Amino acid sequence: MERGEQEALYSAIQGFVGKWWNGSDLYPDPCGWTPIQGVDCDLYNGWWYVSALNVGPVYENSLRCAQDARLTHHLLELKHLTTLSIYSCFSSPRRNPVRLPIFSWGALSNTLESLELRSNPGLVGTVPASIGSLKRLQSLVLLENGLTGPLPMELGNLIRLKRLVLSSNGFAGQIPPALGGLNSLLILDCSRNNLSGPLPLTFGGLTSLLKLDLSGNSNLDGPLPRELGNLRNLTLLDLGGNKISGGLIRGIQEMFSLKEMVMSNNPTLRGDLTGIEWAKLEDLEVLDLSSTGLTGRIPESMTQLKRLRFLGLSDNSLWGTPPPELASLPCISALYLNGNNLTGQLDFPGTFYGKMGRRFGAWNNPNLCHRLPLTSSSSLAVNVPFGVRPCSRGGNASGNRTVSSLLIAEMSEGDDDLHRDLQIEVSSGWPSRGVNGSGWGSTSKEMMALVWVLLLVMFE
């Protein structure tokens with residue numbers, strides 16, 4: 001190993017773990033018989049050079065950072081460094097704030113292919129423009145740090161990038177349109193920041209993209225660019241928790257590879273569901289459009305999504321009667337229609353309610369009702385949709401709202417966490433356990449309440 005390369009390695013590690021660390025004594029042959037955990041080497045022209053440096057508590061004997069850890073210029077002297085990963089190293093933005101150095105990252109432009117800085121809350125400040133000189137970079141991950149400021153437009157120079165993850169920082173401002181020129185990009189994740197403004201029209205050029213996650217930025221606004229329809233390899237689209245407006249674009253139906261689409265918590269989105277031929281999205285498994293201001297009916301074409309596992313349409317202004325074929329979707333395991341203006345009779349089989357439990361939500365639809373199913377022995381089936389009143393003989397919601405409300409209240413009596421559990425379910429798509437661990441329909445009190453519901457329907 002060249003002496004200069006060896007000294008640069010020792011000095012760079014000392015910057016992370018502290019000056020007490022004496023590499024020349026502990027690891028006199030770091031690429032040979034005394035290897036350092038987290039350091040990989042490759043042979044070039046008969047000499048060993050550092051190819052990867054991984055710092056942080058990944059393994060029991062990994063290099064661990066001191067409280068005063070810092071980045072030093074010695075990293076730039078590692079002539080064949082292809083991978084640099086720093087995990088959970090800079091822990092305190094108050095005691096030891098660390099900034100990405102503004103020195104020219106161009107020294108690594110011909111070698112560095114992967115730069116990953118994860119879970120470093122003490123890593124603060126902005127991303128220097130010189131990052132854009134890393135022309136061989138294929139993976140840039142700046143995840144769960146304390147970085148702030150605008151995203152530099154120079155990121156658009158990283159034309160070999162396949163993965164760009166900037167999630168869970170404090171980045172602000174608009175998304176640079178230059179990112180739309182990263183034609184090799186497979187993953188783009190800028191979620192959970194403070195980004196604002198419209199989605200760049202240039203995103204339509206990211207035709208190789210598999211994952212696009214811009215959720216949780218709160219202030220991304222404007223309409224969906226119709227150019228998104230060009231992303232025909234996209235499997236995940238998550239724009240939840242923003243201020244997108246203008247309704248769903250027809251181009252969504254051209255995104256044939258979509259498996260998950262999440263638009264929830266965009267109350268300004270609005271529009272309806274009828275402008276999209278949902279049957280074209282044959283691979284769709286998760287569709288969450290809750291709290292998006294939707295109106296209109298639930299289209300029949302949604303019942304052709306044969307791989308759909310999760311459908312969230314809650315807390316909108318949808319009206320009409322839910323298509324009964326929704327209950328026949330072969331893979332459905334969570335269906336939330338609660339908090340709308342749905343009307344008429346739920347024509348779902350009792351076995352559906354039993355299978356879904358509280359993963360089926362239809363409460364808070366005042367004019368929606370259900371018919372109590374009877375078993376072959378003419379006894380009341382215990383599987384009924386929670387919070388939905390039984391229908392009168394005319395097929396409308398029972399007029400005896402007081403009795404129905406009292407019965408629902410009685411059924412949930414003794415379970416103080418019922419309402420809270422339901423709210424958790426709507427967010428997570430997973431059922432909560434009742435007091436006895438078996439759900440709200442299992443106690444004798446609940447059985448008696450259901451019998452009273454049957455008597456109410458029979459003799460009204």
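These numbered points walk through the fold of a predicted model.

1. Overall make-up. The protein chain holds six helices and 24 strands. Of its 460 residues, 52% are buried. The chain exposes about 20700 Å². Carbon and sulfur atoms supply 51% of that area.

2. Contacts along the chain. Take the contacts between residues at least 6 apart in sequence. Among these, 60% join residues at least 24 apart.

3. Helix α1. This helix covers residues 3-17, 15 residues in total. From its first C-alpha to its last it reaches 21 Å. That is close to the 21 Å expected at 1.5 Å a residue. Just after α1 comes G18, with a positive phi of about 115 degrees.

4. What α1 packs against. Its buried residues are E5, Q6, A8, L9, Y10, A12, I13, G15, F16 and V17. Which elements cover them? The cover includes helix α2 (23-26). It also includes the strands β1 (39-44), β2 (47-55) and β3 (83-87).

5. S51, a residue of β2. S51 sits in strand β2, one of the elements that cover the buried residues of α1. Is S51 buried or exposed? Its relative accessible area is 6%, under the 20% cut-off, so S51 is buried. Leaving aside residues up to four places away in sequence, S51 touches D40, C41 and D42. On the same count, S51 also touches H80, L81, T82 and T83.

6. Aromatic pairs. The count comes to twelve aromatic pairs. One of them joins W21 and Y27. Their ring centres are 5.8 Å apart and their planes stand at 25 degrees, so this pair is stacked. W21 has 4% relative accessibility and counts as buried. Y27, at 24%, counts as partly exposed.

7. A second ring pair. Y44 and Y49 have ring centres 6.0 Å apart. Why is this pair edge-to-face? The planes stand at 70 degrees, and an angle over 60 counts as edge-to-face. Y44 is partly exposed, with a relative accessible area of 28%. Y49 is buried, at 7%.

8. A ring cluster. Further along the sequence, ring pairs link four residues into a cluster. The members are F348, F352, Y353 and F360.

9. The five-stranded sheet. This sheet is open and its pairing is parallel. In what order do the five strands lie? The order is β17-β19-β21-β23-β24. The edges are held by β17 (295-296) and β24 (389-390). Each edge strand has a single partner strand, so one side of each is left without a neighbour in the sheet.

10. The β17 edge in detail. β17 pairs with β19, residues 317-320, in the parallel sense. Two bridges make up this pairing. For G296, the bridge partner in β19 is L318.

11. A334 in β20. A334 belongs to strand β20, residues 334-336. Its relative accessible area is 1%, so A334 is buried. How far is A334 from M356 in sequence and in space? The two are 22 residues apart in sequence. In space, their C-alpha atoms are 6.8 Å apart.

Methods:
Residues are numbered from 1 along each chain as its sequence is written. This is a predicted model: local features need pLDDT of at least 70, side-chain atom pairs count only at pLDDT 80 or more; totals for chains, interfaces and linings use all residues. Side-chain values use heavy atoms; hydrogens and water are left out. Helices (H or I, at least four residues) and strands (E, at least two) are DSSP runs, numbered from the N terminus. Buried means under 20% relative accessible area, exposed over 50%, partly exposed in between (1.4 Å probe, protein chains only). Contact means heavy atoms within 4.5 Å. Accessible areas come from the Shrake-Rupley method with a 1.4 Å probe; for residues, only the protein chains shown count as cover. Two strands pair if DSSP finds at least two bridges between them. Rings of Phe, Tyr and Trp (its six-membered ring) pair if their centres lie within 6.5 Å; planes under 30 degrees apart count as stacked, over 60 as edge-to-face and the rest as tilted. The expected span of a helix is 1.5 Å times one less than its number of residues.
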